[in-house]
Amino acid sequence: MSAEEGEEDTSCCASCGVAEGDEIKLKKCNGCHLVRYCSVKCQREHRPKHKRACKERAAELRDEILFKQPESSHLGDCPICCLP
């Protein structure tokens with residue numbers, strides 16, 4: 001994934017650059033969980049720049065969850081049908 005410059009810095013708002021502090025609590029993007037915003041206004045303003053990277057990362061996260069192999073309690077178990 002090719003993220004824009006500064007998007008992966010989670011200590012400041014991706015739109016306005018305000019740093020997280022005692023009074024300001026940044027919220028993660030609901031799609032990709034990579035960028036943070038100080039307000040809904042900043043999230044909406046930054047959306048056109050972030051939309052493409054967000055969709056790509058959200059798809060990666062869904063694939064990771066979908067194709068995650070279950071933990072096997074027995075050696076030799078088939079991960080699909082759970083038969084030995």
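This is a guided tour of a predicted model, stop by stop, with a selection to make at each one.

**Before you start**

Residues are numbered from 1 along each chain as its sequence is written, and side-chain values use heavy atoms, with hydrogens and water left out. Because the model is predicted, local features need pLDDT of at least 70 and side-chain atom pairs count only at pLDDT 80 or more, while totals for chains, interfaces and linings use all residues.

**Stop 1: the whole chain**

Show the whole protein as a cartoon. The protein has one helix and two strands; helices (H or I, at least four residues) and strands (E, at least two) are DSSP runs, numbered from the N terminus. Followed from the N terminus, the elements run β-β-α.

Now switch on the surface. About 6,700 Å² of the protein is exposed, and carbon and sulfur atoms supply 53% of that area. Accessible areas come from the Shrake-Rupley method with a 1.4 Å probe, and for residues only the protein chains shown count as cover. Of the 84 residues, 21% count as buried. Buried means under 20% relative accessible area, exposed means over 50%, and partly exposed lies in between (1.4 Å probe, protein chains only).

A contact means heavy atoms within 4.5 Å. Among the contacts with a separation of 6 or more, 38% are between residues 24 or more positions apart.

**Stop 2: helix H1**

Select residues 40–66, which form helix H1. How far does H1 span between its end C-alpha atoms? The span is only 30 Å, whereas a straight helix of 27 residues would span 39 Å at 1.5 Å a residue. The expected span is 1.5 Å times one less than the number of residues.

Next, center on Arg47. H1 bends there by about 70°, and a proline, Pro48, follows within four residues. The bend at a residue is the angle between axes fitted to the seven residues ending there and the seven starting there.

Color the buried residues of the helix: Cys42, His46, His50, Ala53, Cys54, Arg57, Ala58 and Leu61. The buried residues of H1 pack against S2.

**Stop 3: the loop between the strands**

Select the loop between strand S1 (27–28) and strand S2 (36–37), where His33 lies. His33 has a positive phi of about 60° although it is not a glycine. Is His33 buried, partly exposed or exposed? At 44% relative accessibility, His33 counts as partly exposed.

Cys32 lies in this loop between S1 and S2 as well, but Cys32 is buried, at 3% relative accessibility. Leaving aside residues up to four places away in sequence, Cys32 touches His50, Cys54, Arg57 and Leu61. Draw a C-alpha distance from Cys32 to Lys55: these residues are 23 apart along the chain and separated by 7.3 Å.

**Stop 4: the cysteines**

Select Cys54, in helix H1. Cys54 is buried at 5% relative accessibility. Apart from residues up to four places away in sequence, Cys54 touches Cys29, Gly31, Cys32 and Arg47. From Cys54 to His33 the C-alpha distance is 8.5 Å, with their positions 21 residues apart in sequence.

How many disulfides does the structure hold? It holds zero, a disulfide being a pair of cysteine sulfur atoms within 2.5 Å. The sulfur closest to that of Cys54 among the cysteines is in Cys29, at 3.6 Å, which is too far for a bond. Move to Cys13, which is buried at 2% relative accessibility. The closest cysteine sulfur to that of Cys13 is in Cys16, 3.7 Å away, and that too is too far for a bond.

**Stop 5: salt bridges**

Side chains of opposite charge can pair when their charged atoms come close. Here a salt bridge is a side-chain nitrogen of Lys or Arg within 4 Å of a carboxyl oxygen of Asp or Glu. By this rule the count is six.

Show the side chains of Glu45 and Lys41, which meet in a salt bridge at 3.8 Å, N to O. Both residues lie in helix H1, four residues apart, about one turn of the helix. Glu45 is partly exposed at 46%, and Lys41 is exposed at 59%.

Move along H1 to Arg57, which is buried with a relative accessible area of 19%. Arg57 forms a salt bridge with Glu60 at 3.3 Å, N to O; these two are three residues apart in H1, about one helical turn. Arg57 also forms a salt bridge with Glu64, the closest N and O atoms being 3.8 Å apart. Glu60 is partly exposed at 32%, as is Glu64 at 48%.

Finally, select Glu20, Lys25 and Arg36, which are linked in a network of salt bridges.
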